[in-house]
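Work through the exercises below with the model open beside you. Each task is followed by a stepwise solution.

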Amino acid sequence: STLGMHLERLNALAMANTLYLRALEVEPLAETMYRNLMRCAHAQNDPSAAFSAYRRCRETLSVILGKRPSAETEKLAISIGLIQALP
């Protein structure tokens, strides 16, 4: 969300996080919001919350759509140290 990204730039990470969580309540398949949550948690030095957002994304997409997260989500998870790249 544009507002969330603006809040992130202002370093209002808790507010951005709340916004992203609310967006996911409305649209649980909004993979972008999971990435935003992961990025916010990482910026707040909270790897547990970042991994929780990634895991929630992976499980939601798997159960509802039978899909894995997109390459963009996987790349973010690797870049912030949540998962390891496959050889």
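## Exercise 1: Cysteines

The sulfur of cysteine 57 has its closest cysteine sulfur in cysteine 40, 15 Å away, too far for a bond. This is a predicted model.

Task: determine how many disulfides the chain holds.

Solution.
1. Set the cut-off: a disulfide needs two cysteine sulfur atoms within 2.5 Å.
2. Test cysteine 40. Its closest cysteine sulfur is that of cysteine 57, at 15 Å, so a bond is ruled out.
3. Count. The result is zero disulfides.
4. Check the surroundings. Cysteine 40 is buried, at 0% relative accessibility. Cysteine 57 is buried too, with a relative accessible area of 0%.

## Exercise 2: A buried glutamate

Task: place glutamate 8 in the fold and find the partner of its side chain in a polar contact.

Solution.
1. Locate the residue. Glutamate 8 lies in helix H1, residues 2-9.
2. Classify it. Its relative accessible area is 15%. Buried means under 20%, so glutamate 8 is buried.
3. List its contacts, leaving aside neighbours within four places in sequence. They are Leu13, Ala16, Tyr20, Asn36, Arg39 and Cys40.
4. Pick out the polar partner. The side chain of glutamate 8 meets the side chain of arginine 39 in a polar contact of 2.9 Å.

## Exercise 3: The two faces of H5

Task: sort residues of helix H5 into buried and exposed, and say what covers the buried ones.

Solution.
1. Take the buried set. In H5, residues 71-79, it consists of Thr73, Glu74, Leu76 and Ala77.
2. Ask for the geometry. These residues span an arc of only 160° around the axis, so they lie on the same side of H5.
3. Recall the helix rule. An α-helix has 3.6 residues a turn, so residues three or four places apart point the same way.
4. Turn to the face away from the buried side. It carries the exposed residues Ala71, Glu72, Lys75 and Ser79.
5. Find the cover. It includes helix H3 (31-43) and helix H4 (47-65).
6. Follow the chain onward. After H5 comes glycine 81, with a positive phi near 85°.

## Exercise 4: The whole chain

Task: describe the make-up of the chain and judge whether it is compact or extended.

Solution.
1. Count elements. The chain has five helices and zero strands.
2. Compare sizes. The radius of gyration is 12 Å, close to the 12 Å from the globule rule for 87 residues, so the chain is as compact as a globular protein of that length.
3. Add the burial. Buried residues make up 36% of the 87 residues.

Methods
Residues numbered from 1 in each chain as written. Predicted model: local features only at pLDDT ≥ 70, side-chain atom pairs only at ≥ 80, totals over all residues. Heavy atoms only, no water. Buried < 20%, exposed > 50% of the residue type's maximum accessible area, 1.4 Å probe, protein only. Helix = DSSP H or I, 4+ residues; strand = E, 2+ residues; numbered from the N terminus. Arc of directions from axis to C-beta. Contact = heavy atoms within 4.5 Å. Polar contact = N/O pair within 3.5 Å; in protein donor to acceptor, adjacent residues only side chain to side chain. Rg over C-alpha atoms; globule rule 2.2 N^0.38 Å.
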